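Grab your viewer and work through these exercises at your own pace. Each one has a task and then a solution in steps.

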Amino acid sequence: MISPMDRVEIVCLRSELPAMVPALQEQGVLHVEEVSLALENHPGFLHRVHLPEAEKRELSELEALETLLKEAAPLLSGSPAQDAVASAAAGLRESAIPDRLKSARAWHRNLRTLHRRKLNIQDDMTVIKNYGRLVESITPLLITNGAILGETARAIILEGYDAESLDALKRDIVNAVSASCGAVSQKLDRNKLCLIVTHPADKGEALGDFLAARGIKVLTSPDQEARGASVDEVMRKIGSRIAEMQADLDAVLSELQAFTAQEGAKLVALQKMVSDRIAQLRVVDSFAQSEMVGVIQGWVPSESYGKLVASIKEKFGDKAVVGHMDHHDIEHKRVPTKLKNHPLIQPFELIMKLMKPATYGGFDPTWLVAVSFILFYGFVLGDAGYGAILVAIGLWGKAKWGHIKPVRDGMTIFTWMGVSSVVFGIIYWEIFGALVEDMVGDYSLFHRAHHTDALLYLAILFGAIHIPLCLILGIKEGYAHGHHKHAEEKLGMLLGLAALPVALGSAATGFVLGFLIAAALFGAGLYFLWRSMGAMAAMGVMEIIGLTANIFSYSRLMALGLVSIAFAEIANALPEMLGGGTIGIVIGIPMAVAVHALNIFIGVFSPTIHSLRLNFVEFLPKFYEAEGRSYEPFRKEMVW
């Protein structure tokens with residue numbers, strides 16, 4: 001549901017305005033709006049609050065500090081614990097901006113230095129590993145020709161050379177360098193090849209000059225010590241060098257972890273403190289003041305109004321007063337929307353954030369989306385074994401990153417997806433496909449693999465409930481907000497849609513009166529379509545046909561479920577398909593586990609996408625007015 005909002009105005013002595021800002025931020029419930037002015041800078045009228053020069057300088061310094069901290073924070077090796085951040089904040093509270101800036105610069109410098117070292121080592125490792133793989137690929141050519149790179153042979157990589165141009169290059173080398181030169185090539189991929197040019201030991205420089213004149217780079221070892229060595233020696237040196245680099249990389253990563261453990265909490269705490277202070281300085285642009293008083297306006301949830309009034313009264317006594325402002329003439333789109341759902345439903349508000357919030361005063365469909373999404377998901381995946389794994393992943397993710405609200409909500413939804421799959425898996429008696437059924441027998445309440453017709457009817461039944469429901473909600477919302485034509489259009493479509501099953505049922509049973517009822521429903525539907533759409537009523541009839549197609553599109557839930565079963569059965573059959581016995585155990589079982597893992601991976605995304613699509617494409621657009629503004633209270637980023 002959407003929380004009722006009160007429009008409030010806070011009037012305080014102008015001298016109390018600086019203290020009012022942190023007090024409101026501490027309270028964290030006021031969605032601040034700009035106070036409208038009758039006349040700007042006119043004596044006797046309210047005028048905009050502007051920061052004094054000292055606070056402007058402070059804001060400028062804090063913005064520079066925030067930039068440094070925002071660049072440095074992502075370079076930490078991990079997120080500090082909340083307790084450590086809170087403790088660090090207490091220690092930093094009294095520090096001055098110059099001291100904070102000095103610390104931030106030191107953190108920024110140290111973290112960038114460590115990361116630069118890490119990236120340089122990783123880049124060098126990549127280069128030398130690639131060189132090693134290349135040398136390995138051309139080793140047979142070097143051994144066959146008895147050549148040593150850097151002494152009696154040069155290796156070059158050529159791109160886009162065909163056989164003719166390659167022969168021409170070989171002839172030019174012989175003519176320009178020495179008749180004793182030889183060349184052999186090996187394709188590395190479709191467009192790239194490696195050419196090994198063998199040469200007398202005293203012609204290496206001449207060959208190098210020839211290739212340089214042609215703009216051809218010679219492949220050289222990134223390790224100076226490996227140049228001129230035999231292939232075995234080159235590979236040994238490369239292996240040794242990679243081991244040294246890995247040790248250096250481990251040392252840098254250890255330094256980074258140690259730095260994060262020592263300074264990370266302070267850095268994150270300072271970043272949030274700076275962010276809070278910047279918000280305090282920026283919000284005053286929305287206030288107004290006269291010579292005597294300051295004025296603040298905004299929105300607060302009705303349930304928090306009393307708490308706000310009591311807090312202001314306690315801190316400022318008679319020096320400030322909070323009052324209601326009339327907002328009945330304000331367009332609902334301008335009122336911030338705050339969703340307020342049951343704790344079980346609240347995590348699903350994360351899904352609704354894929355769209356703009358509902359218009360204030362409208363219908364919040366979060367609980368309907370939550371129920372249908374989880375129902376559709378479990379109906380499709382429907383495997384208790386897979387579901388148990390999803391529940392375990394969801395609980396693990398929640399325990400590890402639960403302090404981050406979006407992640408906590410996402411993991412909660414993930415857990416519910418797993419629970420739904422477990423429930424449907426028990427109904428279908430599917431646990432890693434038919435693995436358990438094959439061992440203990442069929443105890444299903446509904447075996448979907450054996451009753452595909454009934455599964456299809458169930459999927460279409462979901463659509464037959466979901467689509468008319470959205471039309472009913474559209475009618476309700478239309479009349480509630482005075483959009484009568486919109487409501488009548490939905491009513492006409494609903495009546496036209498209702499006529500279809502009545503007519504089909506009458507045709508199947510020969511019930512003549514049923515045809516008359518269907519005709520009456522369709523006629524009533526046409527009447528409301530004509531009232532709402534006029535000459536465009538024909539388009540409304542076409543829309544009724546489209547709605548029928550929408551209902552049948554829910555059959556995808558059945559099809560996706562059967563695909564999941566097929567994958568699981570293929571996985572379970574792999575050991576037998578490979579002949580059973582030792583091969584079936586050694587090769588078949590790991591392959592079966594891999595196919596099950598792939599099926600779970602697909603089972604996370606495919607049912608999710610289609611369940612969301614049915615909600616966001618077929619259901620919500622028919623009644624949901626996503627034209628609201630998010631409720632964004634002025635508050636601290638973190639409670640210290």
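One term first: buried means under 20% relative accessible area, exposed means over 50%, and partly exposed is anything in between (1.4 Å probe, protein chains only). Keep in mind that this is a predicted model, where local features need pLDDT of at least 70, side-chain atom pairs count only at pLDDT 80 or more, and totals for chains, interfaces and linings use all residues. Residues are numbered from 1 along each chain as its sequence is written, and side-chain values use heavy atoms, with hydrogens and water left out.

**Exercise 1. Salt bridges that link distant parts of the chain**

Task: Find the salt-bridge partner of Arg 214, and work out whether Arg 214 is buried, exposed or partly exposed.

Step 1. A salt bridge here is a side-chain nitrogen of Lys or Arg within 4 Å of a carboxyl oxygen of Asp or Glu. By this rule the count comes to 20.

Step 2. The partner is Asp 172, with the closest N and O atoms 2.5 Å apart. Arg 214 sits in the loop between α6 (204-213) and β7 (218-219), while Asp 172 is in helix α5 (residues 163-176), 42 residues away. Helices (H or I, at least four residues) and strands (E, at least two) are DSSP runs, numbered from the N terminus.

Step 3. Arg 214 has a relative accessible area of 42%, so it is partly exposed. Asp 172 comes in at 27%, so it is partly exposed too.

Step 4. Now try Glu 430, which bridges to Arg 448 at 2.8 Å between the closest N and O atoms. Glu 430 lies in the loop between α12 (405-428) and α13 (435-440), and Arg 448 in the loop between α13 and α14 (452-480), 18 residues apart. Glu 430 is buried because its relative accessible area is 5%; Arg 448, at 0%, counts as buried as well.

**Exercise 2. The surroundings of Glu 33**

Task: Which side chains make polar contacts with the side chain of Glu 33?

Step 1. Glu 33 belongs to strand β2 (residues 31-33). With a relative accessible area of 14%, Glu 33 is buried.

Step 2. Contact means heavy atoms within 4.5 Å. Setting aside neighbours within four places in sequence, Glu 33 is in contact with Ser 286, Gln 297, Gly 298, Trp 299, Arg 334 and Arg 629.

Step 3. A polar contact is a pair of N or O atoms within 3.5 Å; within protein, one must be able to donate a hydrogen and the other to accept it, and residues adjacent in sequence count only if both atoms are side-chain atoms. The side chain of Glu 33 has such a contact with the side chain of Trp 299 at 3.1 Å, and with that of Arg 629 at 2.6 Å.

**Exercise 3. The nonpolar cores**

Task: Which residues touch the most other members of the largest nonpolar core?

Step 1. A nonpolar core is a set of buried Ala, Val, Leu, Ile, Met, Phe, Trp, Tyr and Cys residues joined through side-chain atoms within 4.5 Å.

Step 2. The largest core has 110 residues, and Met 20, Leu 24 and Phe 287 touch the most other members. Helix α7 (residues 231-283) supplies the largest share, 18 residues.

Step 3. Look past residues up to four places away in sequence, and Met 20 touches Ile 10, Cys 12, Ile 296, Ile 312, Phe 316 and Ala 320. A second, separate core of 29 residues includes Phe 424, Leu 455, Leu 494 and Leu 547.
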